[in-house]
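Me: I would like a close look at a single part of this model, set in the context of the chains around it. Please take one helix as the starting point and work outwards from there.

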Amino acid sequence: MKPCAFEYFTPATVPEAIGLLERYGEEAKVLAGGQSLIPMLNFRVARPKVLVDINQVKELDYIREEKDELVIGGLTRERSLEVSPLIQKKCPILAEAISYIGHLPIRTRGTMGGSLVHADPTAEIPVVISALEGTMKVVGPSGERLLRAEEFFVTYLTSALEPSEILVEVRIPTLPPNTGWSFMEFSRRHGDFGIVSVAALLFMGSQGRCQKASLALGGVAPSPLRAREAEKLLSGQVITAALIMEAGVLAAQATEPESDYHASAEYRRNLAKVFTQRSLQEAWNKIKGGK
Amino acid sequence: MPEVPRKWVGKSMKRKEDLRLLAGRGNFMDDIRLPNMKHAAILRSPYAHAWIKGIDISQALESPGVIGILTGAEVAKMSQPFPVGVSVPPKYYCCAVDKVRFVGEPVAVAVADNRYLAEDALDLIEVEYDPLPAVVDIEEAIKPGAPILHENIGSNIYNHRFFKYGDMEKAYKEAELVVKGKFKFPKYGSTPIETYGVIASYNPFSEEYVVYNNYQGPFVNHSLVAIALGIPENKMRWIVPADIGGGFGTKTGMYPYVALITLAAKKIGGTVKWIEDRREHLLASATGTDRVTYMEAAVKKDGTILGLKDKAIDNTGGYIRPPEPGCAYRSTGNHTGAYQIRNLEREVLVVGTNKCLTAPNRGYGCQELYFSLERLVDMVAAKLGMDPAEVRFKNFIQADQFPYTTATGGIYDAGNYPKAFQMALDLIDYKKMRAEQKKARAEGRLVGIGLTSVVDPSVTNIAYVAIGKTVEERKQERPKSGSGESAVVKVDPLGGVHVMVCTNPQGQGHETVISQIVADEFGIDPKDVTVSNVVDTHDRLYSITTGSFSSRFASQGTTAVVRAARQVKEKMLKIAGHILEANIEDMVMEEGKVFVKGSPEKSIRLRHVAGVAHWDQSALPEGMDAGLFGTSLYCMPTSKPPDDLDRVNSSNTYGFVAEAIVVEVDPETGQVKFLKWASVHDAGTILNPMIVEGQVMGSLTHALGGSLYEEFAYDENGQCLTASFQDYLVPTAMEVPKVAIGHIETPSPLTALGSKGTGEASSMSVPVAIGNAVADALAPCGVEIDELPLSPNKIWHLIQKAKKKK
Amino acid sequence: MKIEGTYTFPAPQARVWEVFNTPQHLQEALPGCEKLEEREPGKFDVYLKIGIAAVKGSYKGKMEIADAEPPHRTRLIGEGKGLPGFVKGEALIQLTPQDQKTLISYQGDVQVGGLLAGVGQRMIGGVAKMLLEQFFKNMEKILKPAG
């Protein structure tokens, strides 16, 4: 199918882009990587009258380290993050998660900001950012806002962005040394949308105890799900195989999955349990094995 | 004529097609640009079953760039329904007329300056539908009270026949056990990378049509479209471009779109182009048939299968159209597979549901048949406590029994089933695998071994479609039979060899293989042979059976090429003999020269022979035509009509495939992992091993898709849920495991080179091999496997269900 | 697709019943409802613009309130057609008093057809649930006691 006709703008700066969004309101849609939007246009399930192509706003493409954070521009390509030595060294769970996004050509166009704002419940970046408790900076006509991950993802395909706002920057913590981490995704084929995914972080304290656990699941709720009960179970504890098993059960209980053609709700709940367990095991193995 | 030394045939010569294809210099449908070409978009039904109360195109006609809009009501005036080989046919036009019967069925066509504008026009067409209840389940469709699709038929049964062969009653009497099963085969297809494309031109001044399309044959469908449109065949010229991006049978079902776009061209009096997009392809092109089978085997305790009884219900969707009901009958000759089973009872139903239509999909009917037969063989083994390999060895047709005529009239030309099957077992180290399975099971791991042995029929004899009608009905009509394939070989005035075929290759490498064959025949280099496979019904020698389908090129196609080449050779030898004043029996053609045996210094170059034939025509032997060309439209003598006992040799050459697959199922996720896989093939003489390997991997991957990933899924209201590749899961390279491929060659006595078809191969055997492997893996859980695809979700649920039962 | 669930409104049963049967309130509550006109008692013409993020579509259709047994239960039947496809649904709604609150339980069936069903099936279940929740949240806003 071919898209409907649209007007097309290529602003060079953020204020220019916001100005266009304000002017055209509901009729306008931001085009970044286009890997989600273009198929929707081609199927004619999205019919924006105006496309504001922000790919020329080069100032939004960056990866920097600032003290104990990594600061990433909204237009940074997924592939850049995947191969960035900084990301691989300081926040490897992000690079790992991104390697599950579609296929290589898709990742050369898809952007960090685009994936977050699109807020697909099975997308990898939202799940990892939730586990990392990242902060999103958005800019709009009324100025700048900072949104924490737990307020950023509202529901299916809906972020907390107000109309005419653009996501310009994401901040994530660098992982302390001796952090156990794992990202796992179960899908039908290589590169497919995830059916269930898990991002697990074990922040270790003293005496071999896990100080804090962060567990985010994708594909089991309208937006990335933090498995709080499972996290509580692990926090302050010495990690054991039995604890991991129980954490999996708790995580599954917290899910509210839907059934679709590929996977029933019951099956997703089961996968949530299984992959939470496997992911925690892998994270723990990383700690045990040393870095 | 003596056999030629095989310098090129049998070698893995690199394909001549590849460089130009890889460089983007192929010649496909979408590459064709014609002057004043307009573009069509098709409005399709969102309902699975509904009356069309009215269509309002007034707003759409005002849409920018619109040239014209064609509706179903007009189509009904401009054409007739397609004829089809059943007693009470539905009225199948190329567009829905008063009713829609599947989601995606064409309802109107908009023609505009470009495709974007044509789709804008579609948005403005208002159709008023009166929805009706839909039926999607095969067995529900034939229950009383089911929604009826075709009022003129009165039921959803398009075709219904009974068959008896041998003495099934005796088989039951002698049997020591009867093993029964019910099997469901899913609806999937081959999704060629290039979709359908049509460019139709109508000249109102000459009243002639020129229609480009990427059709794969058989050319019976050219006649069908001519009949439907009420045009003499010679006024409608079909041209098929040199390159087609995959067919696999799917492109045998595109002729209704050829008709539709031709009518659109007629309506506007010009040229209309339509390239199908992927969503259209997944909604409304052509898929394989889904089937429900009840099958039972009467067996002895030693594993001998005395007889088979089965009831098979095929679903061709919202309509039935040619070549259906072929889905049910293509495999008639090889119904008993590789086994010596002489007693059969069959009930065949072909029914309709509110799903999209079907066409021969790679394997055509055999994967459905073998899924039942080979699952049943494994179930027989399990019930008798025998090794499933042993049961197969017990029942195989033996190597010294060829040619072997089956109970249903199939004439198996050559084979050695025990040898090929043993090779598959050896390639996976079967005994060792069984021992490892035992160990794995003790650890609670779900490891399974799936075996299968199937007969791979090729070169369809079109007679088999007639079996859809009873003996009495057939007597009222002209018999149908044949398998002819055409080739013209010519030598030009400067001695260059050129071959023309009508095989419409869709990627099989015909140009390469033909070059190899002709190079051997003439003693020249394959790179000096040129091949043209652009099919043009005006300019080419073809018949209704020409094309690429049922894996006919390797056997039938090559035989036609050899025969045509040898005609030319014979003439060249005669001319050379005339010049050298020697006897033709003493002449030899080698290395581009003709000479007398034993006196190679007395030789004439081929170029010189051609020179005489073209430039010095009076020097030719008296009465001989000028020029140098040979022609063959070769039909195998084994292609006869069905007899009065409903026996028919449905194919002509019969190969063999054995699969041995070892899997492990993860009980936590239901995921299937392949540990080992051996695939052994007997395709007769192998013409190009590299190409054959491609065919094996391709057919295997198609079948892997249907076994674990792909399915055209519909909800209970007939809504298609898999209209994009997001949900219709075609395996990627990452999903295909390593496969050990083995070959044996039992040459066919029927073909010039001893080759048999190899295009379908593993598409027939892999679905059941995977089914058998997973069934074996899950046997300790008490899970029965009787359907596909085996998604992780499905397997996990089966395991949970079995747990609850315990 | 089957839908079912519950919702508790902070209002007495009679009031909830009244609001559910007032066309103007239904229009306010139905997500994206731009027009709701009663043709005959209990039968309405509806015009909705619904969707999520960029996937929005206009739907023209009908709605019916049937088998009403005030103030305990009623059946809502609706269908709409648009370019993205069609939606058809039916739900049985039961009201049960709980002190000063009312428990609504609904059970029904929604059919989605056309383009969206074919290319968006993995989202449909979740989005339907989300729109339903929006409907009930909007209803709750209307029901909040004045003052």
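Reply: What follows begins with one helix of chain B and then moves outwards to its chain, the nonpolar core and the contacts between chains and domains. The model is a predicted one, and each value below is computed from it.

The helix is α16 of chain B, which runs over residues 510–522. Its 13 residues should span 18 Å at 1.5 Å a residue, and because its end C-alpha atoms are 18 Å apart, the length agrees with that expectation. As for its surroundings, α16(B) is mostly covered, with 13 of its 13 residues counted as buried. Directly after α16(B) comes B:G523, a residue whose phi is positive, near 65 degrees.

The chain that holds this helix contains 21 helices and 29 strands. Chain B has 806 residues, for which a compact globule would have a radius of gyration near 28 Å, and the 27 Å found for chain B agrees with this. Its C-alpha trace spans about 90 × 70 × 55 Å along the principal axes, and 60% of the residues of chain B count as buried. Among the contacts in chain B with a separation of 6 or more, 81% are between residues 24 or more positions apart.

From the helix one can pass to the nonpolar interior. In soluble globular proteins, nonpolar side chains tend to be buried together. The largest nonpolar core of this model has 373 residues, and those that touch the most other members include B:V518, whose position falls within the 510–522 range of α16(B). Listed together with B:V518 are B:A40, B:A110, B:I261, B:V561 and B:V774 of chain B, and also A:V128 of chain A. The largest share of this core, 12 residues, is supplied by helix α17 of chain B, residues 553–580.

A:V128 leads the account into chain A. Apart from its neighbours within four places in sequence, A:V128 is in contact with A:I93, A:L94, A:A97, A:F183 and A:A199. The domain assignment divides chain A into domain 1 (7–56), domain 2 (59–173) and domain 3 (179–289). The centres of domain 1 and domain 2 of chain A, taken over C-alpha atoms, are separated by 19 Å, and 14 residues of domain 1 are in contact with 15 residues of domain 2. On the side of domain 1 of chain A that touches domain 2, helix α1 of chain A (residues 14–24) gives the largest share, five residues, while the residues of that side divide into seven nonpolar, five polar and two charged.

Chain C touches both of the other chains. In its contact with chain A, 17 residues come from chain C and 19 residues from chain A. On the chain C side of that contact, α3 and α4 (121–143) each supply at least two residues, and α4(C) provides the largest share, seven residues; by class, this side has 12 nonpolar, four polar and one charged residues. The contact between chain C and chain B takes 10 residues from chain C and 12 residues from chain B. There, β6 (85–98), β7 (101–113) and α3 (115–119) of chain C each give at least two residues, with the largest share, three residues, coming from α3(C). The side of chain C that touches chain B divides into four nonpolar, six polar and no charged residues.

How values were computed
Residues numbered from 1 in each chain as written. Chains lettered and ligands numbered in written order. Predicted model: local features only at pLDDT ≥ 70, side-chain atom pairs only at ≥ 80, totals over all residues. Domains from an automatic or database assignment. Contact = placed C-beta atoms within 7 Å. Helix = DSSP H or I, 4+ residues; strand = E, 2+ residues; numbered from the N terminus. Nonpolar A, V, L, I, M, F, W, Y, C, P; charged D, E, K, R; others polar. Expected span 1.5 Å × (residues − 1). Buried ≥ 20, exposed ≤ 12 C-beta atoms within 10 Å, placed from the backbone. Rg over C-alpha atoms; globule rule 2.2 N^0.38 Å. Core = buried A, V, L, I, M, F, W, Y, C linked by C-beta atoms within 7 Å.
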